[in-house]
Structures are given as structure tokens and as C-alpha cells.
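Reader: Got a minute to go through this one with me? Pull it up and let's talk.

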Amino acid sequence: MHANEKGLRYLKEQIEILLEHKQGIHLMTPSWGGEVLTEEKQGKDNTLIHHVKIFHWGD
């Protein structure tokens, strides 16, 4: 995962929401209906991921 400061702060906020509401987070590229993941590869040997799901599995 590659992120700038703005992206890391956004992820932190989303994880805080996840901890409070116990629901999944979906991060997607624009072509998959999202706006928080870029479609620009961050390295020639990297794989572009269009959809990242983060789940809360309970205590």
C-alpha cells in the first residue's frame, strides 16, 4: 500500500468509524465507483487494486 499524508489521515478516520460502528469499509478507484483510491500505479512492478475491503470481526 502506498499513501501520502492526506490518504493516511483519511484511512485513520475510516478506521475510527469502523471501530465505532462495526461495519465494513470499502475503498475503490473511480472506475469502480469510488474516489479514494488512485488508478495510477505507484511503481512499474506493482499491481493496481481497484477495491479494498476492511472488516471488523468483533471482539
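Author: Sure, one term up front: buried means under 20% relative accessible area, exposed over 50%, and partly exposed in between, with a 1.4 Å probe and protein chains only. This is a predicted model, where local features need pLDDT of at least 70, side-chain atom pairs count only at pLDDT 80 or more, and totals for chains, interfaces and linings use all residues. Residues are numbered from 1 along each chain as its sequence is written, and side-chain values use heavy atoms, with hydrogens and water left out.

Reader: OK. Are glutamate 5 and arginine 9 buried or exposed?

Author: Glutamate 5 is exposed, and arginine 9 is too.

Reader: What do those two form?

Author: A salt bridge, with the closest N and O atoms of glutamate 5 and arginine 9 2.7 Å apart. The term covers a side-chain nitrogen of Lys or Arg within 4 Å of a carboxyl oxygen of Asp or Glu.

Reader: And how many salt bridges turn up in the whole structure?

Author: The search finds 1.

Reader: Where do the two partners sit?

Author: Both are in helix α1 (residues 5-21), 4 residues apart, or about one turn of the helix. Helices (H or I, at least four residues) and strands (E, at least two) are DSSP runs, numbered from the N terminus.

Reader: Zooming out, in what order do the elements run?

Author: From the N terminus the protein chain goes α-β-β, with 1 helix and 2 strands.

Reader: How much of the chain is buried?

Author: Of its 59 residues, 12% count as buried.

Reader: New topic: where is threonine 29?

Author: Threonine 29 is in the loop between β1 (25-28) and β2 (51-54). Its relative accessible area is 0%, so threonine 29 counts as buried.

Reader: Which residues does threonine 29 touch?

Author: Leaving out residues up to four places away in sequence, threonine 29 touches Gly34, Leu37, Thr38, Glu39, Ile49 and His50. Contact here means heavy atoms within 4.5 Å.

Reader: Anything polar there?

Author: The side chains of threonine 29 and glutamate 39 make a polar contact of 3.4 Å. That means a pair of N or O atoms within 3.5 Å; within protein, one must be able to donate a hydrogen and the other to accept it, and residues adjacent in sequence count only if both atoms are side-chain atoms.

Reader: Last one: what's the phi of lysine 22?

Author: Positive, about 60°, although lysine 22 is not a glycine. Most residues other than glycine have a negative phi. Lysine 22 sits in the loop between α1 and β1, and with a relative accessible area of 47% lysine 22 is partly exposed.
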